[in-house]
Amino acid sequence: MKNLSYNAAGEEAVESTAAAVAIMQKYPNNEQLNAFISETQQLNAVLADVNTKVMYDHNLDKLAKDLNQRFFHFRKIVECNLISDDEGLKSAAAALSAVVEANNHITSVGRVKKTGAVVAFLNDLEEATAKQAVAKLHGLPECVAGIRAAADKLTAELRSDMQQTAASKTVKASEVKKQLLTVFNEKLLKTLFAYSIIAPADYKTEYDEVQGLVNEYNEIIRRRQQAGRRFTDNPKKS
């Protein structure tokens with residue numbers, strides 16, 4: 001009997017144990033195995049939530065950076081018009097330059113404060129003089145619409161993220177993964193292996209199918225690690 005590798009990444013641990021449970025649920029199992037299946041599923045769900053939190057963080061970072069870039073674009077349009085030969089454009093840009101300066105902190109604050117800062121910035125643009133100035137500068141109305149949409153998207157994602165954060169504040173992915181793989185290897189897989197010997201007519205086919213899946217994932221994990229070592233040993237030169 002071969003255990004599922006403890007070197008599995010979080011996503012690999014979730015995917016492989018879920019696939020193994022799906023195989024086992026095709027067969028009739030006794031009370032003991034069903035209890036271990038349930039325990040595996042519970043830990044699998046917790047690890048999946050923690051993994052999702054990591055994904056949320058990555059997505060939120062991307063959305064925050066996108067919002068920053070849109071603000072930089074707004075500022076660049078204003079700066080370009082400040083040196084325009086057209087006095088009307090120059091005057092409009094001057095009015096907006098003060099708004100930009102007052103809201104420059106948008107790009108430096110954290111994600112939660114950033115959404116509030118953008119609301120304040122957009123409110124400043126609703127003031128009559130600023131609103132007229134925005135309408136005069138080519139590309140600026142579309143830029144403002146893009147900022148508004150990006151801010152709305154970030155706000156929506158932050159709301160979803162709060163649930164993930166609350167669920168994972170006291171949970172470490174590495175600890176949950178270890179618990180999951182321990183339950184899977186030391187309880188579920190080991191017990192299934194024992195029953196495949198004690199009652200082969202009932203459990204041998206089931207065990208062989210699960211063991212085959214474990215071997216497949218162990219090979220995937222081995223290849224990933226091997227590729228990682230090759231990259232570390234021979235990094236590309238820039």
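Here is a short tutorial chat on reading the features of a predicted model.

User: Where do I start? How many helices and strands does the chain have?

Analyst: Start with the overall make-up. This is a predicted model, and its chain has 8 helices and 0 strands. Read from the N terminus, the order is simply α-α-α-α-α-α-α-α.

User: What share of the residues is buried?

Analyst: Of the chain's 238 residues, 37% count as buried. As for the surface, the chain exposes about 13700 Å², and carbon and sulfur atoms supply 54% of that.

User: And contacts between residues that are distant in sequence, what share do they make up?

Analyst: Take the contacts in the chain between residues at least 6 apart in sequence: 79% of them join residues at least 24 apart.

User: How do I read a pair of packed helices?

Analyst: You describe two packed helices by the angle between their axes and the distance between those axes. Try helix 1 (residues 10-24) and helix 7: their axes come within 11 Å and cross at roughly 30°. Angles under 35 degrees count as roughly parallel, so helix 1 and helix 7 are roughly parallel to each other. Their crossing is left-handed.

User: Which residues of helix 1 and helix 7 meet?

Analyst: On the helix 1 side you have Gly10, Ala13, Thr17, Ala20, Val21 and Met24, and they meet Lys177, Leu180, Leu181, Phe184, Leu188 and Leu192 of helix 7.

User: Let me pick Leu180 from that list. Is Leu180 buried or exposed?

Analyst: The cut-off for buried is under 20% relative accessible area. Leu180 has 0%, so it counts as buried. Leu180 belongs to helix 7, which covers residues 173-198. Leaving aside neighbours within four places in sequence, Leu180 is in contact with Ala13, Thr17, Thr40, Leu43, Asn44 and Leu47. Also, the C-alpha atoms of Leu180 and Ala45 are 9.8 Å apart, though 135 residues separate the two along the chain.

User: Can you show me another helix pair? At what angle do helix 3 and helix 5 cross?

Analyst: Helix 3 (residues 87-102) and helix 5 (residues 128-136) cross at roughly 130°, and their axes come within 9 Å. That angle makes helix 3 oblique to helix 5. This crossing, too, is left-handed. Gly88, Leu89, Ala92, Ala95 and Leu96 of helix 3 meet Thr129, Ala130, Ala133, Val134 and Lys136 of helix 5.

User: What about Gln132, buried or exposed?

Analyst: Gln132 sits in helix 5. Its relative accessibility is 54%, and over 50% means exposed, so Gln132 counts as exposed. From the C-alpha atom of Gln132 to that of Leu96 is 9.9 Å, with their positions 36 residues apart along the chain.

User: Let me try Thr115. Which residues does Thr115 touch?

Analyst: Not counting residues up to four places away in sequence, Thr115 touches Leu154, Thr155 and Leu158. Thr115 is in helix 4 (residues 111-125) and counts as buried, at 13% relative accessibility. Its C-alpha atom is 9.3 Å from that of Leu67, which is 48 residues away along the chain.

User: Last one: how many disulfides are there?

Analyst: A disulfide is a covalent bond between the sulfur atoms of two cysteines. This structure holds 0 disulfides. You can still read the exposure of cysteines: Cys80 is partly exposed at 47% relative accessible area, whereas Cys143 is buried at 7%.

How values were computed:
Residues numbered from 1 in each chain as written. Predicted model: local features only at pLDDT ≥ 70, side-chain atom pairs only at ≥ 80, totals over all residues. Heavy atoms only, no water. Disulfide = S-S within 2.5 Å. Buried < 20%, exposed > 50% of the residue type's maximum accessible area, 1.4 Å probe, protein only. Helix = DSSP H or I, 4+ residues; strand = E, 2+ residues; numbered from the N terminus. Contact = heavy atoms within 4.5 Å. Areas by Shrake-Rupley, 256 points an atom, 1.4 Å probe, with all protein chains shown as cover. Axes fitted to C-alpha atoms, helices over the stretch in contact; angles between N-to-C directions. Parallel < 35°, antiparallel > 145°, perpendicular 65-115°, else oblique. Left-handed = near helix turned anticlockwise from the far one by under 90°.
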